[in-house]
Each structure stands twice: as C-alpha cells, then as structure tokens.
Amino acid sequence: MTAPPAPIAVALDAPDLDTAARWAAQVAPHVSTVKVGLELYLRYGPDVVAGVRGAGGVEVFLDLKLHDIPATVAGAARAVAGLRPAYLTVHAAGGPAMIRAAVEAAPDTRVTAVTVLTSLGDADLARVGLAGPAPDAVRRLAALAVEAGARALVCSPQEAAAVRAEVGPEITLVTPGVRPSGAATQDQARVATPEAALEAGADLLVIGRPITGAPDPGAAAEAIGAALRRVSANAS
C-alpha cells in the first residue's frame with residue numbers, strides 16, 4: 001500500500017522555474033505541499049504556480065507574506081485567488097483589518113498569518129520595538145490573527161505547543177525552521193527537528209534545503225516522511 005503524503009511543504013527556493021518544477025515533480029509523490037516563495041513568484045509570476053503544481057495536483061503554498069494597508073492586501077489576495085493556492089501568507093503584524101481583508105478577498109484559500117519570523121531572536125524583536133520575548137509575541141499575534149479570520153498560522157516549532165494551546169485544534173499550524181538532526185541551521189534562529197515539530201503540535205512542516213539540496217530530493221523527502229510516520233505511529 002502506498003504511504004500517504006507526509007505533512008511537509010517543500011520550499012522550492014530555486015534559481016529558475018525549470019529547477020523548481022523538477023524539484024516539485026521529485027518530491028510530489030512523498031509530500032502534501034510545495035511552497036513558492038516571494039523571489040520565485042516575482043521572477044516568474046503566476047506561471048510558477050502551474051509549473052510546480054504539475055499533473056499530480058500537489059497543494060501549493062504561496063508564501064508572499066503580504067503586509068500593506070487593507071485595501072492593497074485585499075487586491076493582492078484577490079489577484080492570486082484564481083491560482084487556487086491552498087495557503088497564502090500575510091504578516092500578522094499588519095493588524096486585524098488587513099488580515100480580515102485578505103480572508104474576504106480569498107475565501108477559498110487558507111489565509112495563513114506569519115507571527116514572528118524564525119530568523120528573529122529576542123534581541124532582534126527588542127531592536128524593532130516588538131515586545132518579547134519571542135514566545136509571548138508569537139502568542140499575541142496568533143490570537144489576533146485567528147480572531148481576524150486566519151485559518152492557519154506560521155510559528156517556529158519552539159512555539160507550536162503554546163500556540164496550539166492558545167488557538168485550539170481547528171487552526172492549521174505551519175512551522176518553518178525545521179531541520180533534520182545534524183543539518184545546518186543556516187539563517188534560522190529558532191529551529192527543531194521534524195519529529196520534534198510534529199510532536200509539538202505542528203500540522204505542516206516547511207523544509208527546504210535539507211530536501212532540495214540533497215543529491216536526490218525525492219529520496220530525502222521520502223526518508224523524512226517515513227520518520228514522521230514513525231512518530232505518528234508511536235503517538236497513537
């Protein structure tokens with residue numbers, strides 16, 4: 001029996017559309033989602049979504065992190081809603097009116113509010129004037145976003161359990177900063193292994209370079225997915 005796709009969103013931070021589409025095709029049998037970031041979308045526009053979705057119909061996470069006045073964010077969300085992304089990110093710090101505008105403009109998409117970027121630590125938050133420490137800021141922004149209609153949240157694995165307790169079981173928790181044991185943390189400050197993120201309550205794990213930088217991205221995705229299934233089996 002074929003194993004179900006793992007709850008992983010592979011970050012396709014590729015230098016060109018052909019590479020992104022190739023990576024997507026390699027990992028699609030093993031994961032639920034592929035993620036298109038700002039750089040790739042700005043370079044290729046809507047074509048990139050069709051290119052990475054492919055014939056298999058893997059879900060697309062459109063990670064644009066919209067952050068502007070409500071009317072502008074509504075227009076942007078409406079502009080991409082026709083691409084049928086499963087997820088579309090906005091910054092929770094944009095406030096309730098902005099989040100609500102995105103939700104109303106893209107009702108069939110899970111508007112996903114980014115709480116605190118995983119590249120930021122407590123010292124960074126202090127410098128930009130956001131009251132910390134990071135776990136407190138994340139919880140505040142998570143509650144604000146859900147109240148405004150967000151159906152998913154982005155937080156680091158280290159805050160997943162606290163956010164789950166704050167917002168309840170219905171909200172999808174997306175965790176970047178996921179690194180297999182022994183992998184370099186690169187530009188992420190708040191990280192965890194895939195197994196630890198899942199055990200903390202995450203629903204969807206964003207993993208990029210540990211998969212796309214592997215000699216065989218499909219095999220890397222399959223191996224991480226198998227490890228996650230073992231965690232789920234042990235938990236049940």
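Buried means under 20% relative accessible area, exposed over 50%, and partly exposed in between, with a 1.4 Å probe and protein chains only. The model is predicted: local features need pLDDT of at least 70, side-chain atom pairs count only at pLDDT 80 or more, and totals for chains, interfaces and linings use all residues. Residues are numbered from 1 along each chain as its sequence is written, and side-chain values use heavy atoms, leaving out hydrogens and water.

**View A. Aspartate 63 and lysine 65 meet in a salt bridge.**
A salt bridge is a side-chain nitrogen of Lys or Arg within 4 Å of a carboxyl oxygen of Asp or Glu. Here the closest N and O atoms are 2.8 Å apart. Lysine 65 is partly exposed at 30% relative accessibility. Aspartate 63 is buried, at 8%. Shared partners join Lys35, Asp63 and Lys65 into one network. Lysine 65 lies in strand β3; helices (H or I, at least four residues) and strands (E, at least two) are DSSP runs, numbered from the N terminus. The phi of lysine 65 is positive, near 45°, in a residue other than glycine.

**View B. Aspartate 203 pairs with arginine 164.**
The N to O distance of this salt bridge is 2.6 Å. Aspartate 203 sits in the loop between α9 (194–199) and β8 (204–207), and arginine 164 in helix α8 (residues 160–167), so the pair ties together parts that are 39 residues apart in sequence. Aspartate 203 is partly exposed, at 34%. Arginine 164 is buried, at 18%.

**View C. Arginine 43 and glutamate 39 form a salt bridge within helix α2.**
Both residues lie in α2 (residues 38–44), four residues apart, about one turn of the helix. Their closest N and O atoms are 3.0 Å apart. Glutamate 39 is exposed, at 55%, and arginine 43 partly exposed, at 41%. The structure holds five salt bridges.

**View D. Phenylalanine 61 and tyrosine 87 stack.**
A search of the whole structure finds one aromatic pair. Rings of Phe, Tyr and Trp (its six-membered ring) pair if their centres lie within 6.5 Å; planes under 30 degrees apart count as stacked, over 60 as edge-to-face and the rest as tilted. In this pair the centres are 5.2 Å apart and the planes at 20°. Phenylalanine 61 is in strand β3 and tyrosine 87 in strand β4, 26 residues apart. Both are buried: phenylalanine 61 at 1%, tyrosine 87 at 5%.

**View E. Threonine 112 is buried in strand β5.**
Its relative accessible area is 0%. Contact means heavy atoms within 4.5 Å. Beyond neighbours within four places in sequence, threonine 112 touches nine residues' worth of surroundings listed here: Phe61, Tyr87, Leu88, Thr89, Val90, Ala152, Leu153, Val154 and Val174.

**View F. The buried residues of helix α5 lie on the same side.**
In α5 (residues 96–105) they are Met98, Ile99, Ala101, Ala102 and Ala105. They cover an arc of only 155° around the axis, taken from the directions from the helix axis to the C-beta atoms. They pack against β3 (59–66), α4 (70–81), β4 (87–91), β5 (110–114) and α7 (134–147).

**View G. Arginine 84 has a positive phi of about 60° although it is not a glycine.**
Arginine 84 lies in the loop between α4 and β4. At 59% relative accessibility, arginine 84 is exposed.
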